[in-house]
Amino acid sequence: MNDFVRAFHFVGDYWSHHLLGSNHSLADLTVQHLVLSLKAMVIAVVIGVPLGMLLGHIHRFSFIAINVSNLGRALPSLGIIAILLPYTGISETTVIIALVVLAAPPILTNTYVAIEQVEVGTVDAARGLGMRPWEVLVKVELPLALPLIFAGIRTSTVFVVATATLSGFFGGGGLGDVIANPASFGTYGVIGASYVLIVLAILSQIVFLTIEYAVTPRALRRPLRWAIRRAPRARNVEADPTRTHPGSGAGADDHPDDPNRQLQLEQGSKIE
Amino acid sequence: MTLGIVRASVLYADKGPKIPDFGKTSDCVKNNGSFCWAWFRHNWSSQFEPRLWEHIELTVVSVGVGFVIAFVLALLAYRARWLAGPVTFVTSVLYTIPSLAAFLILVPITGLGRMTLYIPLTSYTLLILFTNTLAGLTGVPDEIKDAARGNGLTPMQSLWQVELPLAIPTIMAGVRVAVVTIVSLATIAAAVEPVGLGERIFDALNKGNFHTQFIAAGVLCVLLALVADGLLVLLQRVVTPWTRARRTR
Amino acid sequence: MTESIDAPDKGTSGSVSSAAPLEFRDVSKQYPGTASPAIGNLSFTVPAGEVCVLVGPSGCGKTTAMRLVNRMIDLTSGDILIGDKSVTGRSPADLRREIGYVIQQIGLFPHLSIARNITTVPRLLGWSRERCNQRVEELLDLIGLPQDMAKRYPSQLSGGQQQRVGVARALAADPPLMLMDEPFGAIDPINRDNLQNQFLRLQREIRKTIVFVTHDIDEAIKMGDRIVILREGGELVQYDTPDNILANPADEFVAQFVGQDRGLKRLSLTSLGAIDLGPPGDASNGPAVPVTSSLRDALSVLMVESVPALRVTDEHEQVLGSVTIEHINNALHTDTTRVSTPDLVK
């Protein structure tokens with residue numbers, strides 16, 4: 001129990017001071033960690049959102065779009081890194097690629113579902129009013145889909161922030177440098193860096209929940225329930241934007257009780 | 001630039017790859033080519049297979065024990081709904097603890113043995129298994145529960161004959177997530193205790209980035225997760241034949 | 001087409017008859033914390049083998065009353081007796097195994113085949129497998145579904161088919177009483193009509209005691225041997241045959257509830273065959289209507305064709321007599337006991 005207390009001191013001592021054997025402070029490492037995560041997230045968003053939007057708009061390839069996130073989740077991150085190492089070496093690139101492989105699928109799936117499930121009637125009305133396809137996409141589908149898209153990005157962010165710790169083994173920097181290094185920093189050091197990591201994860205959740213709330217059209221907001229999770233009651237899981245991937249059975253192959261939809265209720269990935 | 005690279009470079013800077021000598025070292029291995037199939041086949045049963053089984057064992061035991069615990073908790077919370085909040089909170093907190101930290105914290109308590117790994121791994125499964133089991137049960141439509149009661153099933157009979165079977169898809173979905181999550185985390189466990197496929201990965205690091213070993217271990221790891229996921233999907237389809245039935249006209 | 005129903009033998013404690021009378025004796029139900037009871041002192045008796053429809057505006061307590069019978073809700077005071085036995089005499093589960101239960105949302109178990117759905121109660125009662133299989137065969141015939149349906153799952157059936165299975169499930173253990181809560185409410189109107197007709201034919205065969213809840217007065221008139229009209233608070237306003245209620249509504253509320261067109265509704269309850277017809281000659285060239293037509297349909301034809309009289313024919317096109325508006329009017333104002341037996345082939 002001592003270590004837990006010492007860990008606090010550790011954070012306090014080394015937040016602004018250089019850690020032993022390096023010229024970085026904990027604050028520096030935290031920034032590195034965030035930067036690394038950000039790089040991966042940007043790439044993941046650039047890949048996932050446009051592709052998801054396209055597929056969702058044309059209502060095609062639903063099976064792939066929805067199940068790719070299951071696939072992405074299943075892939076062990078360390079395994080991916082191991083496979084990449086011979087090709088991209090021990091570098092930040094390897095870690096980023098692995099992070100993108102794991103972050104992009106949920107974003108893709110969420111975006112797909114978000115766009116796809118904008119009600120057919122709404123889209124129809126928009127077309128009937130004379131909007132061109134891209135206008136429909138940008139002015140109607142996108143705004144309605146934004147909360148869900150951001151929910152997907154939020155999930156991926158928490159995941160990436162957590163998994164970026166692995167870079168401590170493979171030369172990417174960040175908090176992993178401490179967490180993966182008990183030999184140098186002792187158990188309390190690892191715990192201390194973990195405190196910081198947990199705070200980062202929680203903060204990113206809060207930031208994104210705020211963004212989601214902000215981009216939800218006022219009419220669709222449900223204030224008190226926004227951040228509170230609860231088990232779904234109805235047979236058809238509502239598209240609750242606070243869920244990670246609501247997936248309300250958009251695919252033609254999806255049965256209303258498709259467990260893939262429930263599969264996507266989990267909280268985002270494990271902090272590595 | 002970072003401690004990681006410092007560490008890695010200290011290991012093998014200027015020394016060239018430290019390839020283990022297995023007697024006749026092939027050229028492929030000496031040159032650290034991408035994947036030396038012969039080496040892999042030669043060493044499969046001594047180096048990789050046991051690790052694979054260790055990995056499977058870690059996963060199965062952790063998810064199995066976690067499932068039992070989560071199942072009991074979910075049944076309790078199903079009867080007494082006020083429990084759902086506290087249990088979710090506790091399991092969430094457990095889930096949030098970074099795995100490396102968790103393993104390390106336990107070392108002084110449970111020593112350098114399997115328990116140090118089993119305890120955190122099991123606790124990481126609790127959140128998803130509890131959430132999905134409870135969600136599966138509460139997701140059973142009210143009219144079906146009404147029909148069950150109205151036809152004379154006792155609460156117990158209704159639970160076991162109607163509600164649980166209908167909750168299976170959701171529960172299985174949770175099990176799938178739990179399994180692949182633990183497969184992934186078990187690789188990380190090797191940083192603390194040389195066990196499972198993760199051990200092969202870290203070992204390869206120490207051997208100067210032995211490429212074949214990286215790829216072998218990495219691919220095995222990925223395959224394990226995918227195969228496990230696929231098997232569970234099949235299992236679920238076998239156990240819930242009604243979910244595939246469609247109106248033919 | 002239909003086969004006789006097995007009489008249930010061992011296994012059930014007590015009621016062995018295939019239909020039992022039902023009595024509400026001073027029944028009250030009040031939910032804790034509410035100002036007034038949902039049902040207050042409700043009393044009436046349903047003779048064995050009759051369909052009693054509970055009807056009224058929403059909130060009148062009709063569904064509550066029904067659910068008190070199989071103790072899905074518990075009584076606050078009073079008693080309900082099936083045959084001579086109080087419903088509180090045994091455990092709710094045992095009680096419910098002797099009462100058929102059909103609900104609006106149907107509630108078939110999605111994970112069980114049609115056969116296992118139907119044999120829910122028999123299996124609870126411990127029937128042998130052969131007996132169960134035989135019962136499934138009988139019931140599928142009874143409800144008019146092909147035998148190969150037995151192995152299918154509910155999701156493979158249409159709504160109408162599912163509800164028929166729901167009825168079969170309720171009948172499986174040959175209970176003396178059946179409760180039906182808006183059973184055809186979730187079905188589209190066309191199929192609803194068919195289902196109602198099928199059900200009436202069925203009831204003529206099996207003659208169960210049935211409590212049928214609906215908010216639709218037309219359905220009540222069509223389905224009920226007797227109708228209980230309830231007002232808010234479970235207050236029984238009138239309990240009588242459909243014809244009597246239409247002819248003599250107890251008060252303004254009932255009159256409003258059955259609608260201003262109750263005269264016409266009454267006419268639809270009787271066929272030409274039940275009234276005195278005029279001589280064939282009076283309608284020499286008039287259009288013909290079958291003797292099985294309701295008075296209401298006949299009236300409609302008279303008005304549409306703008307003729308003074310119609311020829312009434314039997315199934316061989318033989319003219320049996322003639323009918324004018326006079327005749328119909330007379331029938332409407334005749335002693336109600338004469339036309340109180342709805343003989344219309346539905």
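How far apart, in helical turns, are C:Glu138 and C:Arg135 in helix α5 of chain C? The two are separated by about one helical turn, being 3 residues apart in that helix, which covers residues 129–143. The legends below return to this pair and visit other spots in what is a predicted model.

**Figure 1. A salt bridge within helix α5 of chain C joins C:Glu138 and C:Arg135.** The side chains of the two residues meet with 2.8 Å between N and O. It is worth looking at how little of either residue is open to solvent: C:Glu138 has a relative accessibility of 9% and counts as buried. C:Arg135 is buried as well, with a relative accessible area of 2%. As a reminder while you look, side chains of opposite charge can pair when their charged atoms come close.

**Figure 2. C:Lys265 and C:Asp218 form a salt bridge in chain C.** Here the closest N and O atoms are 3.6 Å apart. This pair links distant parts of the chain, with the two positions 47 residues apart in sequence. C:Lys265 belongs to helix α11 (residues 262–267), while C:Asp218 sits in helix α8 (residues 217–223). The two ends of the bridge also have their own surroundings: C:Lys265 is buried, at 8% relative accessible area, whereas C:Asp218 is partly exposed, at 41%.

**Figure 3. C:Glu235 and C:Arg231 make another salt bridge in chain C.** Their closest N and O atoms lie 3.5 Å apart. C:Glu235 counts as partly exposed, with 39% relative accessibility. C:Arg231 is likewise partly exposed, with a relative accessible area of 26%.

**Figure 4. Salt bridges that share partners build a network in chain B.** Follow the side chains of B:Arg51, B:Glu54, B:Glu57, B:Arg114, B:Glu199, B:Arg200, B:Asp203 and B:Lys207, which are joined into one network. For the wider setting, a search of the whole structure finds 24 salt bridges over all chains.

**Figure 5. Chain B is built from helices, with 10 of them and 0 strands.** Tracing the chain from its N terminus, you will meet the elements in the order α-α-α-α-α-α-α-α-α-α. Of the 249 residues in chain B, 58% are buried. Among contacts in this chain with a separation of 6 or more, 76% are made by residues 24 or more positions apart. Chain B exposes about 10,500 Å², and carbon and sulfur atoms supply 69% of that area.

**Figure 6. Chain C and chain B bury about 2,200 Å² between them.** The size of an interface is often given as the accessible area lost when the parts come together. Carbon and sulfur atoms give 56% of the area buried here. Three residues deserve a closer look: C:Phe109, C:His111 and C:Gln156 supply 24% of the area that chain C buries against chain B, more than any other three residues. In terms of contact, 27 residues come from chain C and 22 residues from chain B.

**Figure 7. B:Asp146 and C:Arg67 meet in a salt bridge across the interface.** The distance from N to O is 3.2 Å. The interface of chain C and chain B holds 1 salt bridge, along with 7 residue pairs in polar contact. On the chain C side, the elements that give two or more residues to the surface touching chain B are α2 (92–96), β6 (99–102), α4 (120–125) and α6 (159–171). Of these, α4(C) gives the most, with 3 residues.

**Figure 8. C:Thr241 occupies the loop between β10 and α9 of chain C.** The flanking elements are β10 (235–240) and α9 (242–247). C:Thr241 counts as buried, at 16% relative accessibility. Leaving aside residues up to four places away in sequence, C:Thr241 touches C:Asp225 and C:Arg226. C:Lys265, seen earlier in its salt bridge with C:Asp218, is 24 residues from C:Thr241 in sequence and 13 Å away in space, C-alpha to C-alpha.

**Figure 9. The whole structure contains 0 disulfides over all chains.** Why is C:Cys52 in no disulfide? The nearest cysteine sulfur, that of C:Cys60, is 12 Å away, whereas a disulfide needs sulfur atoms within 2.5 Å. C:Cys52 is buried, with a relative accessible area of 1%. C:Cys132 is also buried, at 6%.

Key:
Residues numbered from 1 in each chain as written. Chains lettered and ligands numbered in written order. Predicted model: local features only at pLDDT ≥ 70, side-chain atom pairs only at ≥ 80, totals over all residues. Heavy atoms only, no water. Helix = DSSP H or I, 4+ residues; strand = E, 2+ residues; numbered from the N terminus. Buried < 20%, exposed > 50% of the residue type's maximum accessible area, 1.4 Å probe, protein only. Contact = heavy atoms within 4.5 Å. Areas by Shrake-Rupley, 256 points an atom, 1.4 Å probe, with all protein chains shown as cover. Buried area = accessible area lost by both parts, 1.4 Å probe. Salt bridge = Lys/Arg side-chain N within 4 Å of Asp/Glu carboxyl O. Polar contact = N/O pair within 3.5 Å; in protein donor to acceptor, adjacent residues only side chain to side chain.
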